[in-house]
Amino acid sequence: MVQKNRLKRSDFIFVESGEAFQPFEYSVGMEGSRFFTELRDRKKFFGLRCPSCRKVYVPPRKVCGPCFKTMDEWVEVGPMGTLSAFTILRFPFIDPETGEKKPVPYGYAFILLDGASTQFQHFLKVDPDWPPTIGIRVKPVFEENRQGKLSDIRHFEAA
Amino acid sequence: MEPVAIIGVGQTAFGPNRKDRTYADLVYEATTAALTDAGLSIAHIDNIVTASNDFFDGRTISSMAVGDACGAAFGEGKSISTVEGDGAFAALYGLSRILSGSYETTLVVAHSKSSEGDLRLLTNVFFDPLTERSLGLDWISAAALQARVFFKEKNIGNIECGNVIVKNRAYGAKNPKAHIKKPLTIDEALRSPLVAAPLKETDICPSSDGAAAIILASESFAKKKSERPVWIRGMGLSADAPLGERNLAESKALRLAAGRAYQMAGIDNPSAQIDLVELSEQFSYQELLWLDELNYRNSSRVNLSGGCLSAHAWIVSGLARMIEASLQLRGQAANQASSVRRALAHGQYGLCGQSHSVWILES
């Protein structure tokens with residue numbers, strides 16, 4: 001299968017853990033590289049559309065499982081989305097990438113980005129004045145200094 | 001045993017660092033290569049067995065990350081199961097599924113990326129956490145202990161191992177799938193720096209990234225759909241006692257596994273009746289030790305692919321041996337031998353050959 005992905009090797013992103021020890025060095029792959037590059041450079045979400053079932057996968061992956069077909073049609077989705085599931089966490093969590101403790105309470109959400117077929121997962125801003133409900137519209141808040149990783153998005157919040 | 005055939009094989013090239021590919025990408029590449037080789041589409045595959053190791057992949061249920069890539073989600077989804085261990089052990093599971101009568105075709109696929117994890121650390125956790133792990137043993141230091149005992153028992157040493165390295169590296173240099181494609185002289189092997197005495201750098205297999213897949217089929221399916229089936233005539237699997245509780249100079253598990261495979265295939269003189277052997281030797285001395293236990297004397301007919309000393313992805317290597325043996329039987333191997341009718345493929349897993357599987361394959 002020819003990969004119609006125009007990324008060059010120099011486009012690869014390396015995410016490091018700073019002082020935190022990591023026994024693993026995961027490859028994000030060609031598709032993941034494009035996804036995180038767009039997030040970092042243009043604050044845009046990109047997915048891949050299956051040529052057969054038209055499903056749009058976000059984050060993108062190489063193969064549509066049910067169709068067993070490779071995907072190469074990039075589709076911009078979001079940044080607006082609909083909250084489809086959430087919880088508010090009351091116990092702390094150690095970020096495995098940084099070793100830092102996530103302050104509580106924090107929200108965790110499944111978000112269906114506009115134009116996507118799969119759920120995108122991220123933090124949800126906890127705002128006592130605006131308690132979330134399933135179905136509300138949400139938007140991402142980006143960090144100023146982005147490095148091509150998931151935490152380039154600070155969280156989603158009510159739109 | 002009812003005849004079961006290998007009707008398709010596929011493997012990625014093996015390399016030191018396939019950073020541009022996730023392990024799902026490697027699995028997709030091996031799977032589609034095997035399907036193309038068999039002239040089949042994923043719709044023809046009844047069920048799937050994957051092989052992986054959660055520790056190596058750095059995630060639990062590591063098979064889930066390759067489900068899409070091996071076709072397990074195709075259509076309404078296929079029956080999929082997983083083996084944590086060598087790919088040739090997964091092939092036994094695949095074989096059992098066909099023999100159950102429930103399936104006509106099974107895809108067996110194995111993957112690992114040595115480059116994504118710290119192998120010293122990941123093999124250190126093979127050891128007991130209370131009594132062994134803190135001493136720092138890993139796959140290389142454990143093998144050094146075995147090499148020392150084996151050398152003493154057989155009164156051999158680095159020269160005998162050097163000959164194995166030179167042979168395998170010469171074949172590997174001509175195998176486009178190999179990780180190390182550079183031949184080595186005996187002097188270079190002997191001058192290679194010590195890593196864990198008596199093991200030198202060149203005694204140790206490379207740590208590769210890669211994936212391999214085979215398609216197994218029932219006799220009726222293979223006869224209908226395959227132009228060049230490779231038939232499984234015998235197999236044996238055996239696991240040994242823990243490291244400190246066995247004689248490292250021998251491998252009872254391999255002897256038992258081979259005995260079972262030979263019996264099934266009607267072999268009483270392996271050296272005369274087996275044309276070619278593909279061995280899983282993680283270290284040069286292991287080729288000599290494993291051949292002793294296989295009672296196979298034609299050392300020049302061993303590892304024509306270059307063996308694990310030329311390419312070794314954990315989990316994948318046993319399946320790669322079955323593939324290289326199958327290609328020899330089909331007359332399509334990189335270093336094709338003449339008149340190969342019956343071949344032996346060997347897989348191992350664990351420290352110092354904890355478990356072994358032996359396969360007798362025929363064209």
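**Exercise 1.** How many helices and strands are there in chain B? Then judge how compact the chain is.

*Solution.* The structure is a predicted model. Chain B holds 13 helices and eleven strands. For 363 residues the globule rule gives 21 Å, and the radius of gyration of chain B is 19 Å, close to that value, so chain B is as compact as a globular protein of that length. Along the principal axes, its C-alpha atoms fill a box of roughly 55 × 45 × 35 Å.

**Exercise 2.** What share of the residues of chain B count as buried, and what share of its contacts with a separation of 6 or more comes from residues 24 or more positions apart?

*Solution.* Of the 363 residues, 58% count as buried. Among contacts in chain B with a separation of 6 or more, 78% join residues 24 or more positions apart.

**Exercise 3.** Describe how helix 6 (residues 158-172) and helix 11 (residues 284-294) of chain B pack.

*Solution.* Start with the geometry: the axes lie 8 Å apart and form an angle of about 100°. Angles of 65 to 115 degrees count as roughly perpendicular, so helix 6 of chain B is roughly perpendicular to helix 11 of chain B. Next, list the residues: helix 6 of chain B contributes B:E160, B:C161, B:V164 and B:I165, and helix 11 of chain B contributes B:S284, B:Y285, B:E287 and B:L288. Finally, sort them by class: five are nonpolar, one is polar and two are charged.

**Exercise 4.** How many residues does each of chain A and chain B bring to their contact?

*Solution.* Chain A supplies 14 residues and chain B supplies 23 residues. The chain A side divides into eight nonpolar, three polar and three charged residues.

Technical notes: Residues are numbered from 1 along each chain as its sequence is written. Chains are lettered from A and ligands numbered from 1 in the order in which they are written. This is a predicted model: local features need pLDDT of at least 70, side-chain atom pairs count only at pLDDT 80 or more; totals for chains, interfaces and linings use all residues. Helices (H or I, at least four residues) and strands (E, at least two) are DSSP runs, numbered from the N terminus. The radius of gyration is taken over C-alpha atoms; the globule rule is 2.2 Å times the number of residues to the power 0.38. A residue is buried if 20 or more other C-beta atoms lie within 10 Å of its own, exposed if 12 or fewer, and partly exposed in between; C-beta atoms are placed from the backbone. Two residues are in contact if their C-beta atoms, placed from the backbone, lie within 7 Å. Ala, Val, Leu, Ile, Met, Phe, Trp, Tyr, Cys and Pro count as nonpolar, Asp, Glu, Lys and Arg as charged, and the others, Gly among them, as polar. Axes are lines fitted to C-alpha atoms, for helices over the stretch in contact, and angles run from 0 to 180 degrees between N-to-C directions. Angles under 35 degrees count as roughly parallel, over 145 as roughly antiparallel, 65 to 115 as roughly perpendicular and the rest as oblique.
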